[in-house]
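Ready for some practice in reading a structure? Work through each exercise with the model open, and try it yourself before you look at the solution.

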Amino acid sequence: MRSNEPDITDPDWASIVRDHGPRVFRVAQRILGSAPDAEDVSQEVFLEAFRIHSSGPVRSWIGLLVRLATLRSLDHRRRKQPTLKLNETDCLVQADPFNQLVKDELAERLRSAVTELADQQATVFVMA
């Protein structure tokens, strides 16, 4: 006799997409703010879920799909962010030995002065 539980080894992909697709889309759209981007991410999510299922059973489809939708939406946003091009001179740091020595000495004096404060005062100072 066969139980009414769905077969874990062979899921019904049509019902998984039908049941969870709207939620995956909403998660992606909230993060991305764009319906076309959310559609692209939703497709990526279901393809990745298929690959994950092929490597082992999935305990919670909704948990997996929402997590994948969140992660892939964030990845999508990062890829779309504009990047700044650096000029050759942007990477060069002109370190003046005298100024660096002064900075190091002042930093050491400050650390030393903070250690003389009461614990609560030192904590407030460091946090500020």
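**Exercise 1.** Find which residues form one aromatic cluster in this predicted model.

*Solution.* The cluster is made up of Trp13, Phe50 and Trp61. Next, look for ring pairs: the whole structure holds two aromatic pairs. One of them joins tryptophan 13 and tryptophan 61, with 5.2 Å centre to centre and 80° between the planes. Planes over 60 degrees apart count as edge-to-face, so this pair is edge-to-face. Finally, place the partners: tryptophan 13 sits in helix 1 and tryptophan 61 in helix 3, so their pairing ties together parts 48 residues apart in sequence.

**Exercise 2.** Decide for tryptophan 13 and for tryptophan 61: buried or partly exposed?

*Solution.* Start with the cut-off: buried means under 20% relative accessible area. Tryptophan 13 has a relative accessible area of 22%, so this residue is partly exposed. Tryptophan 61 has 17%, so this one is buried.

**Exercise 3.** Work out which helices supply the largest nonpolar core, and which residues have the most contacts inside it.

*Solution.* First, the core itself: it has 17 residues, and those with the most contacts inside it are Val24, Val45, Ala49, Trp61, Leu64 and Leu65. Then turn to the helices: helix 1 (13-32), helix 2 (35-55) and helix 3 (61-80) each give at least two residues to this core. Helix 1 provides the largest share, six residues.

**Exercise 4.** Pick out the residues that leucine 64 touches, leaving aside those up to four places away in sequence.

*Solution.* With those neighbours set aside, leucine 64 touches Ala49, Ile52 and Val58. Now look back at Exercise 3: Ala49 and Leu64 are both among the core residues with the most contacts.

Technical notes: Residues are numbered from 1 along each chain as its sequence is written. This is a predicted model: local features need pLDDT of at least 70, side-chain atom pairs count only at pLDDT 80 or more; totals for chains, interfaces and linings use all residues. Side-chain values use heavy atoms; hydrogens and water are left out. A nonpolar core is a set of buried Ala, Val, Leu, Ile, Met, Phe, Trp, Tyr and Cys residues joined through side-chain atoms within 4.5 Å. Buried means under 20% relative accessible area, exposed over 50%, partly exposed in between (1.4 Å probe, protein chains only). Helices (H or I, at least four residues) and strands (E, at least two) are DSSP runs, numbered from the N terminus. Contact means heavy atoms within 4.5 Å. Rings of Phe, Tyr and Trp (its six-membered ring) pair if their centres lie within 6.5 Å; planes under 30 degrees apart count as stacked, over 60 as edge-to-face and the rest as tilted.
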